[in-house]
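The following questions and answers introduce a structure to a reader who has not met it before. Please consult the sequence and the model shown here.

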Amino acid sequence: MLAPWLELPGVAEQVAAFSEVTGLDIERLGTTAGADEIKDTAVTQPLLVAAGVIAAAQLGVMSAADNEQVVAGHSVGELTAAAVSGALSPTEAVAFAGRRGAEMAAACALTPTGMSALLGGDPAEVVAAIEAVGLTPANRNGAGQIVAAGALDALEKLAAEPPAGARVRPLAVAGAFHTHFMSPAAEGLGEYAASLPVADPRPILLSNADGAAVVTGPDLIARLVRQVTLPVRWDLCLRTCADLGVTAVIELAPGGVLAGIAKRELPGVDIVAVKSPADLDKARELIASRPQHGQGEHTPEFRVVVTPAKGVFTRAETLDEGQPVTRGARIGTVRTNREEHPVIAADGGVLAEWLRNDGDIVAAGLPVARLANGTDY
């Protein structure tokens, strides 16, 4: 998957840095290694993130402080998304993927487990059938795709008695990812991530856990650690994209699968899957066709504060338009039926304008306030 990218200027140097931090020969593994070698999850994960961040750098979308941009990643792709958002450097993201893959491979070796995809059927009935045999709906991808994970005998039982209208397809994976079987991996990742340098995401970054926007670096790191044991709710990420009015999607290398899901879940949205450098021009054209804010060297005059979850918004009582807001300040809350989530300003500035009123029902990632740089707005 890396061979065509290595022909581009600067990519060989990137790959050499990735090899150094992972202890793997990323260039060989991404060009001449055999299928049996690269399907080891300890190898697959850093390779996937390496390909994604290389493509992002070529497109010029890395760390773009762009209020019009939404970033999300599926499973290990959340590390690519973290790099695109500027929360992690590309090298740190690949290093994290290397450690993640090694920890998950070790966890898989403890107990024989697996995963199977269920295609079609009523989603509620499919989830119920998965849980009835003691399995976990580990990936809910939308577009009629739900992945079951757990013990091998339970997967065999599900295949023998599938829910109505669903087809069961076993997946060639090392074990039950995104389930409690990965708890040892989460423990190891927690120790690794404790001292990892992380910044707050610049564009809106959505979490696999619940489709919510992540606004602080520490919250992102905590979610990345927990993610190996939690189901991937890609369906909720796509729902948030729809709520935010996303009009164009680019899937980074090695693209294709998520673009297909997006075509069914986000009808009318323009989509480009970047599978190789040959797709870069088409992706650049799509980017150029949309209004850009904060790309390149431009420093935006305004930034927005977004909600971390869906619920009822309430402004901070003591904060009025025209007042200064410090980085990390709580400017309001979002309440759900069960929880209260703080709305945090990822940047400092002056509250130029409230975009939502008390009592408004908001979606995750929805802008609720606009901050101006400095005092002149």
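Q: How many disulfides does the count come to?
A: This is a predicted model, in which local features need pLDDT of at least 70, side-chain atom pairs count only at pLDDT 80 or more, and totals for chains, interfaces and linings use all residues. Residues are numbered from 1 along each chain as its sequence is written, and side-chain values use heavy atoms, with hydrogens and water left out. A disulfide is taken as a pair of cysteine sulfur atoms within 2.5 Å. By this rule the count of disulfides is zero.

Q: Why is Cys-237 not bonded to Cys-241?
A: The closest cysteine sulfur to that of Cys-237 belongs to Cys-241. The two sulfurs are too far apart for a bond, because the distance is 7.0 Å.

Q: Is Cys-241 buried or exposed?
A: Buried means under 20% relative accessible area, exposed means over 50%, and partly exposed lies in between (1.4 Å probe, protein chains only). The relative accessible area of Cys-241 is 11%. Cys-241 is therefore buried.

Q: In what order do the four strands of the open sheet stand?
A: Strands (E, at least two residues) and helices (H or I, at least four residues) are DSSP runs numbered from the N terminus, and two strands pair if DSSP finds at least two bridges between them. The pairing in this open sheet is antiparallel. The order of its four strands is β3-β4-β2-β5.

Q: Which strands stand at the edges of this sheet?
A: An edge strand here has a single partner strand, so one side of it is left without a neighbour in the sheet. This applies to residues 136–142 and 166–170, which are β3 and β5.

Q: Which residue of β5 is the bridge partner of Ser-116?
A: Strand β2, residues 113–120, runs antiparallel to β5 and is joined to it by five bridges. The bridge partner of Ser-116 in β5 is Pro-170.

Q: At about what angle does helix α8 run to β4?
A: Helix α8 (residues 152–160) lies across β2, β4 (145–151) and β5. Axes are lines fitted to C-alpha atoms, for helices over the stretch in contact (heavy atoms within 4.5 Å), and angles run from 0 to 180 degrees between N-to-C directions. The angle between α8 and β4 is about 140°.

Q: How many residues lie between β13 and β14 in their hairpin?
A: Strand β13 (residues 330–335) is joined to β11 (residues 311–315) by four bridges, and these two run antiparallel. Five bridges join β13 to β14 (residues 340–344), again antiparallel, with Gly-332 opposite Val-343. The number of residues between β13 and β14 in the hairpin is four.
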